[in-house]
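Hi,

Here is the structure I promised to send over. Have a look at it first, and then read on for what turned up.

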Amino acid sequence: MNASKEELLEARRQIDSTLHKLREVVKTLQAKENPARYQSQITLAERRIAAFSLANALIEEALRGKL
């Protein structure tokens with residue numbers, strides 16, 4: 001896929017926003033009275049954070065011209 005620089009920058013911006021929200025979700029769920037009750041949601045959010053972080057790293061490489 002050939003994405004323009006503008007498209008890559010917008011994708012990175014959207015991913016950064018989503019990452020911020022996911023990190024807040026994890027903090028909120030871990031701060032609950034019984035965080036073990038929310039472990040599946042925490043795990044899901046953490047896996048999404050990892051996936052979006054990888055996507056962001058790939059976008060950064062593309063922006064630097066390494067891909």
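Let's start with Val-26, which is buried at a relative accessible area of 9%; the cut-off for calling a residue buried is under 20%. Before going further, please keep in mind that this is a predicted model.

Val-26 sits in helix H1. If you skip its neighbours within four places in sequence, Val-26 is in contact with Ile-42, Ala-45, Glu-46 and Ile-49. Take Ile-42: it is 16 residues away from Val-26 along the chain, yet their C-alpha atoms are separated by 5.7 Å.

Val-26 also belongs to the largest nonpolar core, which has 11 residues. The full list is Leu-8, Ile-15, Leu-19, Leu-22, Val-26, Leu-29, Tyr-38, Ile-42, Ala-45, Ile-49 and Ile-59. Two elements give two or more residues to this core: helix H1 (5-31) and helix H2 (39-63). Which of them gives the most? That is H1, with six residues.

Another core member worth a click is Leu-8. Again leaving aside neighbours within four places in sequence, Leu-8 is in contact with Ala-3, Ile-59, Ala-62 and Leu-63.

Now for a polar residue. Is Asn-56 buried or exposed? Asn-56 lies in helix H2, and it counts as buried because its relative accessibility is 11%, set against a cut-off of under 20%. Its side chain is joined to that of Asp-16 by a polar contact of 2.6 Å. Beyond its neighbours within four places in sequence, Asn-56 is in contact with Arg-12, Ile-15, Asp-16 and Leu-19. Two of these, Ile-15 and Leu-19, are on the core list as well.

Then there are the rings. The count of aromatic pairs comes to zero. Tyr-38, a core residue, does have a charge over its ring, though: the charged end of Lys-32 sits there, 5.7 Å from the ring centre.

Last, for contrast, try Asn-2. Asn-2 is in the segment before H1, and it counts as exposed because its relative accessible area is 83%, where exposed means over 50%. How far apart are Asn-2 and Ala-50 in space? From C-alpha to C-alpha they are 24 Å apart, with their positions 48 residues apart in sequence.

If you only have a minute, I'd pull up Val-26 with its contact Ile-42, and then the polar contact between Asn-56 and Asp-16.

Cheers

Conventions. Residues are numbered from 1 along each chain as its sequence is written. This is a predicted model: local features need pLDDT of at least 70, side-chain atom pairs count only at pLDDT 80 or more; totals for chains, interfaces and linings use all residues. Side-chain values use heavy atoms; hydrogens and water are left out. A nonpolar core is a set of buried Ala, Val, Leu, Ile, Met, Phe, Trp, Tyr and Cys residues joined through side-chain atoms within 4.5 Å. Buried means under 20% relative accessible area, exposed over 50%, partly exposed in between (1.4 Å probe, protein chains only). Helices (H or I, at least four residues) and strands (E, at least two) are DSSP runs, numbered from the N terminus. Contact means heavy atoms within 4.5 Å. Rings of Phe, Tyr and Trp (its six-membered ring) pair if their centres lie within 6.5 Å; planes under 30 degrees apart count as stacked, over 60 as edge-to-face and the rest as tilted. A charge sits over a ring if NZ of Lys or CZ of Arg is within 6 Å of the ring centre and within 35 degrees of the ring normal. A polar contact is a pair of N or O atoms within 3.5 Å; within protein, one must be able to donate a hydrogen and the other to accept it, and residues adjacent in sequence count only if both atoms are side-chain atoms.
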